[in-house]
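Colleague: I would like to go through this model with you, beginning with the ligand and then turning to the sheets. Could you take my questions in that order?

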Amino acid sequence: MKVVIVGAGLSGLVAARELTGHGVDVCVVDKGRSVGGRLATRRIGSARLDHGAQFFTVRTPAFQRRVDDWIDRGLVHVWNHGFDDDDGYPRYVGSAGMNSLAKDLARGLDVETSTMAFTVRAANGEQRWDVVIDDGSARPADAVILTCPIPQSIALLVDSGVELGGPMASADYDRTIGLLATLDGPAALGESGGVQHRDEVFSFIGDNVAKGVSTEQALTFHANPVWSEEHWDDDDLVDRLVAAATPWLGRASIVQAQVKKWRFATPRVVWPEPCWTTADESIVLAGDAFAGPKVEGAHSSGLAAAHALVR
Ligand SMILES: Cc1cc2nc3c(=O)[nH]c(=O)nc-3n(C[C@H](O)[C@H](O)[C@H](O)COP(=O)(O)OP(=O)(O)OC[C@H]3O[C@@H](n4cnc5c(N)ncnc54)[C@H](O)[C@@H]3O)c2cc1C
């Protein structure tokens with residue numbers, strides 16, 4: 001069986017690894033310049049900042065096994081056990097940034113980056129589907145797993161004859177605007193190195209030094225969904241965000257600031273099943289909109305998608 005997976009975020013890469021382990025021929029395409037999707041890490045000067053997912057928790061045995069393996073290999077460590085109070089539950093981070101976990105999963109797989117899927121349509125040859133790339137080339141497949149945000153997956157299926165009505169058709173996502181800032185000294189976030197929901201603008205502020213991701217002082221600020229939607233097209237975003245960030249800087253000053261916008265940051269509704277398949281199980285939709293809007297949800301959905309095809 002030949003499977004093409006659209007999206008090399010966590011769900012797509014987990015599905016690819018699982019299928020490869022079952023002897024399936026898998027190709028992953030992603031429009032991004034590198035793998036990871038919302039597991040994203042950026043360098044500013046010599047600082048390293050996570051700018052998508054900030055940390056993750058573990059609830060399921062399957063994800064715990066993956067995380068234990070990452071810990072054994074030095075790829076993951078515990079950041080803390082809660083931001084305001086110690087609730088006993090570990091918050092994990094990728095030791096070299098969250099994106100390093102995607103890179104680890106992608107190792108040895110057939111992954112084509114800078115490769116944007118344009119449409120999925122019935123194939124003329126031996127395979128059932130062609131995943132058509134925006135340069136006009138095609139990747140033939142017996143089955144296709146789409147792990148993009150749902151509106152993008154629906155757009156890819158327009159020529160396929162597969163119709164997704166009902167709640168799937170109206171699926172929407174909250175936006176997040178992020179500010180990445182390097183500082184000339186330590187910030188004032190407190191011992192845990194993270195602040196959650198204690199501000200009118202920001203839903204999360206993370207200290208990349210306290211996380212153990214950066215040796216240079218660097219903060220990641222995520223504006224909450226309401227603020228992000230209201231200010232999405234503002235021309236003076238950097239100034240606004242820097243002004244909102246200032247109370248959290250203590251005596252430090254910002255050296256460099258960059259803005260990052262996530263249009264499809266968080267699914268507003270989570271589908272009740274960990275993935276969705278056509279009746280013949282040749283098209284599968286997966287991603288965090290199916291098993292929970294978190295790192296663990298994406299992992300669970302990727303596994304479920306692979307198991308749907310192997311079954
Ligand atoms: C700002 C922010 C903060 C977050 N913080 C946390 C957190 O602290 N803890 C937590 O657990 N979770 C967090 N999350 C959520 C977590 O990052 C996601 O749930 C998870 O990474 C989603 O993985 P995914 O594989 O489902 O999707 P994605 O990572 O979005 O992967 C989808 C991939 O599809 C690709 N793609 C889309 N369209 C096409 C196309 N046409 N052709 C080819 N490729 C395409 C994209 O480039 C992308 O790489 C956060 C997310 C954001 C945005």
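Modeller: Before we start, a polar contact here is a pair of N or O atoms within 3.5 Å, and the model is a predicted one.

Colleague: With that cut-off, how far is an oxygen atom of the ligand from a polar backbone atom of Gln54?

Modeller: The limit for such a pair of N or O atoms is 3.5 Å. The pair at Gln54 joins an oxygen atom of the ligand to a polar atom of the backbone, and the distance is 3.1 Å.

Colleague: Which residue has an N or O atom in its side chain at 2.8 Å from an oxygen atom of the ligand?

Modeller: Ala117 can be set aside, since its polar backbone atom lies 2.9 Å from a nitrogen atom of the ligand. The residue you ask about is also listed among those that come nearest to the ligand, together with Ser11, Asp30, Phe55 and Asp288. The side chain that places an N or O atom 2.8 Å from a ligand oxygen is that of Arg38.

Colleague: How many residues of the shell around the ligand are charged?

Modeller: The shell draws two or more residues from each of α1 (10-21), β16 and α9 (295-310). By class, it divides into 13 nonpolar residues, 13 polar ones and a charged group that numbers 5.

Colleague: Turning to the open sheet of 5 strands, which are its edge strands?

Modeller: The order in this sheet is β13-β14-β15-β12-β16, and the pairing is antiparallel. An edge strand pairs on one side only, and this description fits β13 (194-196) and β16 (254-267).

Colleague: Which helix packs on that sheet?

Modeller: Within the sheet, β12 (residues 173-183) and β15 (residues 218-223) pair in the antiparallel sense over 5 bridges, and Thr182 stands opposite Ala218 in β15. The helix touches both of these strands as well as β14 (202-207) and β16, and its direction makes about 100 degrees with that of β16. The element spans residues 237-245 and is helix α7.

Colleague: In the open sheet of 3 strands, why is one side of β8 and of β10 left without a neighbour?

Modeller: The strands of this sheet follow the order β8-β9-β10, with antiparallel pairing. Both β8 (117-122) and β10 (138-141) stand at the edges, so one side of each has no neighbour in the sheet, the reason being a single partner strand.

Colleague: Which residue stands opposite Arg139 in β10?

Modeller: Strand β9 (residues 129-133) pairs with β10 in the antiparallel sense over 4 bridges. The residue that faces Arg139 is Val131.

Definitions and conventions:
Residues are numbered from 1 along each chain as its sequence is written. This is a predicted model: local features need pLDDT of at least 70, side-chain atom pairs count only at pLDDT 80 or more; totals for chains, interfaces and linings use all residues. Side-chain values use heavy atoms; hydrogens and water are left out. Two strands pair if DSSP finds at least two bridges between them. Contact means heavy atoms within 4.5 Å. Axes are lines fitted to C-alpha atoms, for helices over the stretch in contact, and angles run from 0 to 180 degrees between N-to-C directions. A residue is near a molecule or strand if one of its heavy atoms lies within 4 Å of it. A polar contact is a pair of N or O atoms within 3.5 Å; within protein, one must be able to donate a hydrogen and the other to accept it, and residues adjacent in sequence count only if both atoms are side-chain atoms. Ala, Val, Leu, Ile, Met, Phe, Trp, Tyr, Cys and Pro count as nonpolar, Asp, Glu, Lys and Arg as charged, and the others, Gly among them, as polar.
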